[in-house]
Amino acid sequence: MYRQLPKVYEPQKVETKWYDYWLEKGFFHAEVEKERKPFCIVIPPPNVTGKLHLGHALNNTLQDILTRYHRMKGDNALWLPGTDHAGIATQVRVEEELAKEGLSRHELGREEFLKRVWAWKEEYGGTIIRQLKRLGASCDWDRERFTMDEGCSRAVKEVFLRLYRKGLIYRGSYLVNWCPQCATTLSDIEVEHEESEGRLWHIRYPLASGDGYIQVATTRPETMLGDTAVAVHPGDDRYRGLVGKKAILPLMNREIPIVADPMVDREFGTGAVKITPAHDLNDFELGLRHNLPQVTVIGFDARMTVEAGKYTGLDRYEARKKVLADLAAEGLLAGEEVHHHALGTCYRCDTVVEPLISKQWFVRMKPLAEPAARVVREGKIRFVPERFAKVYLNWLENIRDWCISRQLWWGHRVPVWYCLDCGTEIAAAETPEICPDCGSNRMEQDPDVLDTWFSSALWPFSTLGWPENTPELEHFYPTSVLVTARDIIFFWVARMVFMGLEFMEEIPFADVLMHGLVLDKDGKKMSKSRPETIVDPQDVIDEYGADILRFTLATGTALGQDQRFQMERVEGVRNFANKIWNAARFLGMNLDDYDETKGEEDGFSLPDQYILSRLQRVTAETGEMIDRYDLGGAANLLYDFIWNEYCDWYIEMAKPQLKAGGAERRRTQQVLVKVFRQIMVLLHPYMPFITEEIWQVLPHEGESIMVVPWPEPDEKLLNPEAEEKMGLLMEVTRAIRNLRAESRVEPGRKVEAILLAGPGEKKVLEENRLYLEVLAGLGQLAILPEGSAKPEQAVTAVVSGVEVYLPLAGLVDLEKEKERLEKELAELEEEKERLGKKLSNTQFLAKAPEAVVAKEKQKLAAVAEKYGKVSDRLRALLRA
């Protein structure tokens with residue numbers, strides 16, 4: 001080793017140094033090289049307003065692992081970064097800043113407001129990019145994009161115009177999800193549905209004939225003011241005689257028809273439902289079928305409109321109270337009951353969404369959804385894990401037209417103008433000079449902007465230069481894999497697929513790797529309402545280093561599963577990093593006389609042969625796991641191999657070999673370096689910083705571990721026989737260590753061991769007795785043929801056909817140990833009896849929660865198991 005490492009690993013110094021070095025050397029940059037196999041990932045663009053959270057950290061760690069791996073494999077690897085303009089989120093942030101100055105966007109005007117947003121974006125929008133760099137993201141920062149940069153904006157206009165001309169974009173009145181707080185429409189998937197406890201009210205609607213009532217049930221009595229019908233199921237015999245007749249709408253004294261429609265659920269409430277086409281999607285569609293009028297009684301400000309009569313101007317919830325009171329006063333409120341239902345709220349601000357009829361822009365989805373479903377059914381796009389393909393296909397099969405307009409100022413403005421003289425609608429990339437119909441030059445652009453996800457849907461090809469046929473687009477499209485969280489499969493994944501097929505006539509990516517969410521330590525979603533549950537990844541990086549956070553997240557990843565984030569696991573990974581660091585320091589202390597050019601070719605010991613063979617298997621398995629996207633499995637495999645096999649076993653066995661000097665020392669140095677250097681390369685995609693720091697002080701060739709070729713397993717070094725023999729040594733060593741621990745022998749004390757073994761095992765043990773003596777802390781070791789006389793006064797174990805004995809004489813003070821065990825047995829007997837009584841108590845079993853009972857049963861089982869072991873130990877001592 002050329003220089004010794006410091007005693008303590010300081011990630012803050014190391015990580016900044018190496019990241020700057022990689023940037024300076026241009027190792028992240030990819031040019032078009034047609035002779036090389038491309039590997040491309042486009043980053044799911046984080047919001048420009050955003051800060052790194054654990055979900056981002058996991059998502060980008062997984063992308064970086066794949067990119068670094070493929071770069072080392074020799075692929076032309078491009079990880080293309082960028083940020084999203086995040087329409088609502090960014091506008092809200094800037095409006096909050098304006099409010100501090102006592103201003104609103106309307107007072108500023110659109111043009112000045114947009115200048116303020118761009119200025120805010122330039123000043124504060126780079127936070128998440130800086131944090132991604134701290135995480136170690138090896139993105140090609142020379143190619144960083146923004147969803148509203150010039151190229152992406154051009155692509156958005158081009159896509160809009162092409163879809164518009166094909167009749168796939170249209171403007172129409174439709175029931176949309178309206179957020180009164182954000183003052184904009186939301187697409188269906190921007191509405192979050194949470195089960196909540198509400199009320200179901202039963203209301204009597206007098207029949208117009210004057211001979212009775214029809215009773216309906218509703219969760220929203222304030223919307224009844226806009227009812228235009230009552231509906232029943234055509235097969236419901238209870239109401240067969242009422243279909244076609246009229247009812248009087250309470251409080252409004254308006255006649256409305258009673259209609260029959262199969263949409264009605266006969267089991268809900270009374271089987272008769274009020275129909276408000278202007279405020280419920282199902283009612284809206286039923287209203288179209290029955291040609292019912294649409295009466296809007298709640299406005300965009302969530303207050304009652306003039307159509308609501310005397311309730312005009314009331315907030316929707318105030319109106320609910322007043323309507324219920326008035327119904328009760330008139331004797332028309334038949335009752336109420338608790339009712340659980342899914343309430344739709346805005347994904348941004350949690351305000352209850354109001355379904356309202358509005359003039360909006362839509363994408364006609366059926367023609368686009370069918371090809372997007374077909375490519376998944378045919379296996380052209382593969383979901384990992386596969387179960388997410390069903391989720392994707394179910395959504396596409398039940399898709400509604402996509403509302404793409406938003407009542408915001410920040411975003412891609414709808415490229416449509418209206419002639420102020422004749423009303424002609426003109427879609428164009430730039431402002432038209434004159435109206436093609438009447439020749440007027442008085443034009444006004446549509447005030448709305450496009451849904452943020454519209455531009456994000458073009459990301460895989462717009463970032464590579466489309467609509468131009470650039471060399472980058474030709475070389476890197478379709479991209480290789482999309483790495484994304486399961487919660488945006490509809491927001492983003494499906495839309496990228498249908499846009500890619502429509503405009504590139506090719507899938508946007510071959511594979512979709514879906515990862516789970518990062519939950520708190522108790523397995524719950526981290527929430528702003530419970531700030532104690534939130535872990536800031538930046539804090540973890542500052543205290544522990546990026547490698548520790550990356551490896552914690554990677555080892556916690558199972559395909560598509562959520563993971564719990566626990567600081568105990570972070571501490572465990574820090575211990576792992578320290579283990580690696582100390583192993584590197586051990587090598588440094590033993591390589592002063594090492595010459596890489598003078599290697600030994602034969603005479604390798606059993607531990608040498610074993611670790612070299614295991615290295616080949618681990619190398620092969622790591623590559624195979626990464627190739628099939630089992631990144632968590634590969635991380636855990638490396639953890640076990642490095643900690644257990646290399647550090648705990650091989651390094652300990654290497655110590656006596658190093659002391660032996662001569663050729664044996666040289667062989668050991670050679671194996672220590674070869675294996676450790678390759679371990680660093682395998683671990684590099686996961687822990688890039690510590691591996692670079694260590695690799696640079698090991699004998700090496702090249703500028704950086706980043707650009708070292710990924711190792712291939714060497715079949716000549718595979719040695720199943722050495723692995724089997726070493727397995728025997730390990731098992732016998734573990735058995736002796738366990739017997740020592742059970743007998744409470746001090747760690748540094750030498751003990752005697754007697755082994756009885758068959759011919760094959762005896763030969764292996766004899767040839768490697770030095771390792772047994774060192775690793776098991778033996779002062780004396782006798783290896784006898786099986787069938788030899790067994791020591792009478794000894795603790796014993798049997799492993800792999802080998803009988804292991806540790807004579808008790810001198811091992812423990814027999815009398816004191818008997819006393820201790822008898823006391824422990826009495827305590828366990830008492831605890832066993834206590835738990836048994838508790839679990840036979842019928843009152844406890846009836847009242848205690850199931851989880852508490854299960855825990856008590858587990859305690860009893862553990863006590864019983866321990867009781868059995870202590871009893872066996874005491875019997876052995878009594879025999880002695």
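**Figure 1. Burial and overall build of the chain.** Of the 880 residues in this predicted model, 54% count as buried, where buried means under 20% relative accessible area, exposed over 50%, and partly exposed in between (1.4 Å probe, protein chains only). Residues are numbered from 1 along each chain as its sequence is written. Because the model is predicted, local features need pLDDT of at least 70 and side-chain atom pairs count only at pLDDT 80 or more, while totals for chains, interfaces and linings use all residues, and side-chain values use heavy atoms, with hydrogens and water left out. The chain has 28 helices and 29 strands; these are DSSP runs numbered from the N terminus (helices H or I, at least four residues; strands E, at least two). Its C-alpha atoms fill a box of roughly 110 × 75 × 55 Å along the principal axes. About 39500 Å² is exposed, 49% of it supplied by carbon and sulfur atoms (Shrake-Rupley method, 1.4 Å probe; for residues, only the protein chains shown count as cover). Among contacts (heavy atoms within 4.5 Å) between residues at least 6 apart in sequence, 77% join residues at least 24 apart.

**Figure 2. The salt bridge between K166 and E502.** Here is one pair to zoom in on: the closest N and O atoms of K166 and E502 are 2.7 Å apart. A salt bridge is a side-chain nitrogen of Lys or Arg within 4 Å of a carboxyl oxygen of Asp or Glu. The pair links distant parts of the chain, 336 residues apart, with K166 in the loop between α7 (150-165) and β5 (169-179) and E502 in helix α15 (residues 489-504). K166 counts as exposed, at 54% relative accessibility, whereas E502 is partly exposed at 23%.

**Figure 3. The salt bridge between R677 and E596.** The side chains of R677 and E596 meet at 2.9 Å, N to O. R677 lies in helix α21 (residues 662-683) and E596 in the loop between α18 (567-589) and α19 (606-627), so the salt bridge ties together parts that are 81 residues apart in sequence. E596 is partly exposed, with 37% relative accessibility.

**Figure 4. More salt bridges, as a pair and as a network.** E766 and R769 form a salt bridge whose closest N and O atoms are 3.2 Å apart. Both partners are worth a look for their exposure: E766 is partly exposed at 31% relative accessible area, and R769 is partly exposed at 25%. Elsewhere, a network of salt bridges links R220, E222, R316, R320 and E354. A search of the whole structure finds 57 salt bridges.

**Figure 5. P720 and its neighbours.** P720 is found in helix α23 (residues 720-742) and counts as exposed, at 52% relative accessibility. Not counting residues up to four places away in sequence, P720 touches S613 and R617. P720 and R614 are 106 residues apart in sequence, yet 9.0 Å apart in space, C-alpha to C-alpha.

**Figure 6. Packing of α23 against α24.** Helix α23 packs with helix α24 (residues 759-767) at an angle of about 80°, the axes being 10 Å apart. That makes α23 roughly perpendicular to α24. Axes are lines fitted to C-alpha atoms, for helices over the stretch in contact, and angles run from 0 to 180 degrees between N-to-C directions; 65 to 115 degrees counts as roughly perpendicular, under 35 as roughly parallel, over 145 as roughly antiparallel and the rest as oblique. K725, L728, L729 and V732 of α23 meet E761, V764 and L765 of α24 in this contact. By class, the contact has five nonpolar, no polar and two charged residues (nonpolar: Ala, Val, Leu, Ile, Met, Phe, Trp, Tyr, Cys and Pro; charged: Asp, Glu, Lys and Arg; polar: the others, Gly among them).
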